[in-house]
Amino acid sequence: MAMPPPPPPPFHPATAGGKPERKTVERNRRNQMNALYYRLDTLVRAGGAAPSPAPAAATRPDRLGEAAAYISQTAERVERLKDRKRELTAARAASTTQLGSGSGSSSGAATISVEVQHLGSGMHGILVTGAPPSDGSMFHRAVRAVEEAGGEVQNAHFSVVGARAVYTIHTLVGEQQGSIERVVQRLKETVRGR
């Protein structure tokens with residue numbers, strides 16, 4: 001396999017008619033073909049094709065057969081990878097649609113967690129969903145639920161971390177008995193789609 005690329009063809013002056021000699025044209029063609037064979041062989045070897053037992057003893061047809069086999073294997077591998085990508089994309093789209101639809105299914109409810117911290121007269125709520133929001137509707141429903149239950153939203157924002165959306169809502173809650181519990185319950189019902 002340690003064949004160096006062929007040297008460039010030597011310069012021969014043209015004959016009296018202005019055309020190069022026939023043997024010069026043939027030599028140039030052979031040199032160009034040898035350079036192309038060498039380049040193909042180098043690319044196939046670099047691509048990970050199985051080396052033949054004795055690369056120096058391999059004939060040109062053998063090397064071309066190896067190149068053809070390598071190209072067909074690579075084409076099959078590319079097709080398999082494209083199919084796998086389509087499957088993963090479809091699965092991801094289906095899971096996003098399922099979570100984003102707001103349905104109260106058990107799989108959608110299991111991927112949403114609500115954590116609430118009581119801060120004296122306030123509340124700090126953190127919601128984590130299984131998929132980033134496509135339109136932010138879950139975030140707006142959560143803020144609206146807190147306000148409808150008697151909480152005064154001071155600050156609210158969401159961020160996407162990996163494949164999860166994290167909503168943070170800071171709320172002031174009145175001092176009536178059970179106000180915080182009512183806000184928390186309403187928030188959990190809303191995000192779980194009830």
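Among contacts in the chain (heavy atoms within 4.5 Å) between residues at least 6 apart in sequence, 57% join residues at least 24 apart. The model is a predicted one, in which local features need pLDDT of at least 70 and side-chain atom pairs count only at pLDDT 80 or more, while totals for chains, interfaces and linings use all residues. Residues are numbered from 1 along each chain as its sequence is written, and side-chain values use heavy atoms, with hydrogens and water left out.

The chain contains 5 helices and 4 strands, where helices (H or I, at least four residues) and strands (E, at least two) are DSSP runs numbered from the N terminus. Read along the sequence, these elements follow the pattern α-α-α-β-β-α-β-β-α. Of the 194 residues, 22% count as buried, a term that stands for under 20% relative accessible area, with exposed meaning over 50% and partly exposed the range in between (1.4 Å probe, protein chains only). The accessible surface of the chain comes to about 12900 Å², of which 57% belongs to carbon and sulfur atoms; these areas come from the Shrake-Rupley method with a 1.4 Å probe, and for residues only the protein chains shown count as cover.

Three of the helices can be set against their expected span, which is 1.5 Å times one less than the number of residues.

| Helix | Residues | Number of residues | Expected span | C-alpha end to end |
|---|---|---|---|---|
| α1 | 22-46 | 25 residues | 36 Å | 36 Å |
| α4 | 137-148 | 12 residues | 16 Å | 16 Å |
| α5 | 179-191 | 13 residues | 18 Å | 19 Å |

In α5, the buried residues are Ser179, Ile180, Val183, Val184, Leu187, Thr190 and Val191. They cover an arc of only 130° around the axis, which puts them on the same side of α5; the arc is that of the directions from the helix axis to the C-beta atoms. In α4, Met138, Phe139, Ala142, Val143, Ala145 and Val146 are buried. Their arc around the axis is only 160°, so they too lie on the same side of α4. An α-helix has 3.6 residues a turn, so residues three or four places apart point the same way. A positive phi follows each of these two helices: Gly150, just after α4, takes about 105°, and Gly193, just after α5, takes about 80°.

Which residues does Met123 contact, leaving aside its neighbours within four places in sequence? Met123, found in strand β2 (residues 122-129), is buried with a relative accessible area of 1%, and it is in contact with Val116, Gln117, Ile169, His170, Thr171, Val173, Ile180, Val183 and Val184. Met123 and Ile180 are 57 residues apart in sequence, yet 7.4 Å apart in space from C-alpha to C-alpha. Thr171, in strand β4 (residues 164-173), counts as buried at 3% relative accessibility. With the same neighbours left aside, Thr171 is in contact with Gly122, Met123, Val146, Gly151, Glu152, Val153 and Gln154.

The structure also holds 2 cavities of 30 Å³ or more. On a 1 Å grid over the protein atoms alone, a cavity is a set of points where a 1.4 Å probe fits but cannot get out, and lining residues have an atom within 4 Å of a point. Grid points are joined across faces, edges and corners, and a volume is the space filled by probe spheres set on the points. The second largest cavity has about 50 Å³ of space and is lined by Tyr37, Leu40, Asp41, Arg63, Leu64 and Ala67. Helices α1 and α2 (60-100) each supply at least two residues of this lining. Asp41 is also among the buried residues of α1, which are Thr24, Asn31, Asp41, Val44 and Arg45.

Note on methods
On a 1 Å grid over the protein atoms alone, a cavity is a set of points where a 1.4 Å probe fits but cannot get out, and a pocket is an open set with protein on both sides within 12 Å along at least five of seven lines; lining residues have an atom within 4 Å of a point.
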